[in-house]
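Biologist: Can you walk me through this one? Keep it short, please.

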2 protein chains.
Amino acid sequence: MSAKHAKQQRPAPETARAKEPELDRRKTSILGTVVYEYIATGEPVGSATLTQKYNLGISPATVRSELASLDEEGYLEQPHTSAGRVPSDRGYRYYVDRLMLPETLTPEERERIRGEVRRATHQLDAVVDHASHVLSNLTRSIAFAITPRLGSQVFRHIELIHVGAHATHLVLVTNLGLAAQVTVETAHEANAEHLLRATHNLNARLEGKALSEITLDKLRAIARETPLPEELVTAVADLLAEHTGVEGERRLFAGGAHNLLDQQEFRDLRKLRAILDLLEEQQTLYALLHGSLNSAGPTVAIGHELPNADMSECSVVTVPYKVANKNAGAVGILGPRRMQYARLIALLDCMAESLNALFVGEPELE
Amino acid sequence: MSAKHAKQQRPAPETARAKEPELDRRKTSILGTVVYEYIATGEPVGSATLTQKYNLGISPATVRSELASLDEEGYLEQPHTSAGRVPSDRGYRYYVDRLMLPETLTPEERERIRGEVRRATHQLDAVVDHASHVLSNLTRSIAFAITPRLGSQVFRHIELIHVGAHATHLVLVTNLGLAAQVTVETAHEANAEHLLRATHNLNARLEGKALSEITLDKLRAIARETPLPEELVTAVADLLAEHTGVEGERRLFAGGAHNLLDQQEFRDLRKLRAILDLLEEQQTLYALLHGSLNSAGPTVAIGHELPNADMSECSVVTVPYKVANKNAGAVGILGPRRMQYARLIALLDCMAESLNALFVGEPELE
DNA sequence: ATTAGCACTCTCGTGCCTTGATTGCCAATC
DNA sequence: GATTGGCAATCAAGGCACGAGAGTGCTAAT
């Protein structure tokens with residue numbers, strides 16, 4: 001539902017240009033300055049501040065009339081009569097679509113992100129979790145991410161490890177270097193020799209297949225060739241299903257809620273609570289990230305453009321990342337509407353690229 | 001530092017009895033009622049409330065003089081002159097040590113906890129993380145837990161899996177069914193045949209050894225027998241070190257911070273922030289859990305008994321859990337001083353027992 | 001079209017007052 | 001002598017008025 005409103009940012013947002021009438025030069029400059037100043041200070045911006053801090057070349061009175069006009073057109077809002085102006089959703093949107101200068105990270109920042117991603121262990125969940133942590137620390141906002149749908153990964157290796165008479169440990173490795181594992185306790189005693197043969201057999205038969213292709217039936221067929229306890233067959237199937245089934249298809253990681261405490265817009269405990277509940281619930285964040293999978297670049301959703309009324313004072317930036325050159329997962333940042341859009345987009349872009357590099361596909365191609 | 005103050009709860013706290021003079025019957029009853037009522041309502045308790053809600057058989061005036069006396073002796077405090085009484089640290093301590101009735105969980109609750117623990121995957125980190133999540137949801141407080149020191153675990157199996165010309169996946173399984181894994185990228189091409197032989201060799205040589213016994217030197221010696229790339233040897237050593245070294249010896253999991261928002265004592269954002277920072281920092285929580293490893297049962301630390309001044313309005317209950325019948329890890333709960341001590345102790349006890357059952361030692365003995 | 005001047009509006013902080021809850025004390029009572 | 005009822009004293013919290021400050025919108029002059 002949010003995707004309808006949220007416009008893409010990167011590939012020259014034509015829709016936005018069509019919808020939003022272009023503002024004249026002076027209005028543009030004033031709107032931009034108000035947004036910039038408000039993002040920086042968090043205080044409503046008045047005509048005096050604008051003329052004093054920025055060299056606009058016009059008097060406060062003129063600024064006032066322009067502000068009134070921008071207010072009327074819906075780009076700005078007044079918290080109350082005797083306060084300065086604050087950007088509205090529309091004002092932020094105009095800023096994001098047309099005014100904002102893209103920011104570039106310093107080489108150190110880029111390297112920091114790349115390094116953090118690279119030094120993660122090769123477990124998919126851990127990588128994505130780590131990515132969201134890094135982003136949340138870097139941005140001092142809430143960061144969240146979803147893992148790729150796993151069914152598209154390619155089977156590389158399975159190992160049935162005999163770790164006790166009644167316990168077998170399963171390890172599944174895919175082309176992304178990701179591994180899943182589980183220990184299975186079997187009623188019947190497992191035979192180490194049989195396990196070895198079964199391992200061999202499974203690997204020979206399944207090599208190169210997409211995880212989603214491997215069904216319980218297929219496994220049964222293979223199991224029949226070696227005397228493998230039924231419990232193990234279903235365990236293997238479960239392990240696969242956990243990664244391809246509708247349920248566990250994707251995992252969502254979110255973190256950094258404590259950063260909200262620093263934001264003055266969340267001084268109100270009820271608002272804070274609403275957002276924290278949103279994090280617990282996961283559904284909404286999931287939908288936002290899922291929606292961004294269809295776009296090539298960053299997606300920005302501002303205030304009421306977001307699907308949830310509780311988020312009307314927030315903005316969300318999401319960026320998809322690729323596995324084997326196809327959009328597969330996404331990372332995002334949730335913060336107050338008054339966020340540093342350009343910087344967050346740059347950071348997310350960099351993170352997405354780092355993940356792309358990690359998930360380039362076949363490890364041996366690297 | 002906290003352990004000095006925190007007294008054990010279960011095994012008849014003699015020290016407490018020696019230190020704290022016994023209060024007369026009526027004072028005891030009043031103190032108990034005040035604590036009970038305050039825990040239930042969160043409002044300072046006055047003489048009127050006490051005589052109306054509880055059948056004390058004495059008039060408000062008499063209650064008042066007793067309250068004044070308990071106040072003087074340091075068991076109660078007054079937020080301000082015209083308010084009711086609130087338990088002090090000492091008051092809570094007396095309550096916890098001598099007044100509180102142990103609570104028993106319903107069979108459903110016990111089963112719920114046991115079930116949650118059992119259905120966890122057999123990865124140590126995941127189990128402990130899950131345990132802390134379950135506790136935090138059940139108690140609507142912050143729950144936290146540390147994993148066992150891993151060096152005491154016994155090597156059961158290692159597997160070097162060839163997942164690409166330049167990538168090898170290592171899986172380590174211990175007697176607890178726990179597994180750790182990592183993917184290693186090697187500069188030299190790994191030979192599948194060699195990996196197989198090395199796997200065999202390592203398993204034969206290391207079976208039954210404590211992880212802490214396995215040193216880099218020993219690994220090198222074994223590696224020399226089969227042509228194993230140096231990178232893999234160090235990777236194996238790193239994997240082991242990660243689990244036995246001082247650094248990664250234990251992991252701490254904490255969660256449920258959002259529950260604090262419901263507590264009226266954390267309406268103040270600064271206090272909230274102080275606690276959240278504590279969670280991030282981990283050090284303090286770690287120390288608390290580590291301290292509880294020496295005790296047999298639950299440990300309660302109240303207000304200023306805690307090591308950190310920021311926690312002076314909180315209490316912490318910790319309980320150790322066992323691996324192979326020896327205290328190895330611990331779980332704890334952090335909440336406002338006004339917590340349901342008896343219930344939390346019961347829940348933690350149950351959780352510890354469930355973990356004990358899971359970590360009973362050799363899986364094949366089950 | 002722009003600007004200076006000015007009256008107007010609204011928030012925020014301060015201080016004051018009232019209200020209500022609770023105590024501590026004292027004299028009367030069992 | 002412990003207990004009790006009565007009563008003045010105390011203090012937080014909420015409501016209200018008031019002034020300061022910030023910022024606007026309007027109007028008349030440039």
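Modeller: A term to start with: buried means under 20% relative accessible area, exposed over 50%, and partly exposed in between, with a 1.4 Å probe and protein chains only. By that rule A:Cys350 is buried, at a relative accessible area of 1%. B:Cys350 is buried too, at 2%.

Biologist: Where do these values come from?

Modeller: This is a predicted model: local features need pLDDT of at least 70, side-chain atom pairs count only at pLDDT 80 or more, and totals for chains, interfaces and linings use all residues. Residues are numbered from 1 along each chain as its sequence is written, chains are lettered from A and ligands numbered from 1 in the order written, and side-chain values use heavy atoms, leaving out hydrogens and water.

Biologist: How many disulfides are there over all chains?

Modeller: Zero. A disulfide here is a pair of cysteine sulfur atoms within 2.5 Å.

Biologist: How much of chain A is buried?

Modeller: Buried residues make up 55% of its 366 residues.

Biologist: And how many helices and strands does chain A have?

Modeller: Chain A has 14 helices and eleven strands. Both are DSSP runs numbered from the N terminus: helices are H or I with at least four residues, strands are E with at least two.

Biologist: Now the DNA. Which residues come nearest to strand C?

Modeller: Of the 20 residues around DNA strand C, the nearest are A:Thr62, A:Thr81, A:Ser82, B:Ser47 and B:Arg85. A residue is near a strand if one of its heavy atoms lies within 4 Å of it.

Biologist: What part of the DNA faces the protein?

Modeller: Sugar and phosphate supply 74% of the strand C atoms that come within 4 Å of the protein.

Biologist: Any polar contacts there?

Modeller: A polar contact is a pair of N or O atoms within 3.5 Å; within protein, one must be able to donate a hydrogen and the other to accept it, and residues adjacent in sequence count only if both atoms are side-chain atoms. A:Arg26 has a polar side-chain atom 2.9 Å from a phosphate oxygen of strand C. For B:Ser47, a side-chain N or O atom is 2.8 Å from a phosphate oxygen. A:Ser82 reaches a base oxygen instead, at 2.6 Å.

Biologist: What about strand D?

Modeller: 20 residues surround DNA strand D, with B:Thr62 and B:Ser82 among the closest. A polar side-chain atom of B:Thr62 lies 2.3 Å from a phosphate oxygen. B:Ser82 has one 2.7 Å from a base oxygen. Helix 5 of chain A and helix 5 of chain B each give two or more residues to the surface near strand D.
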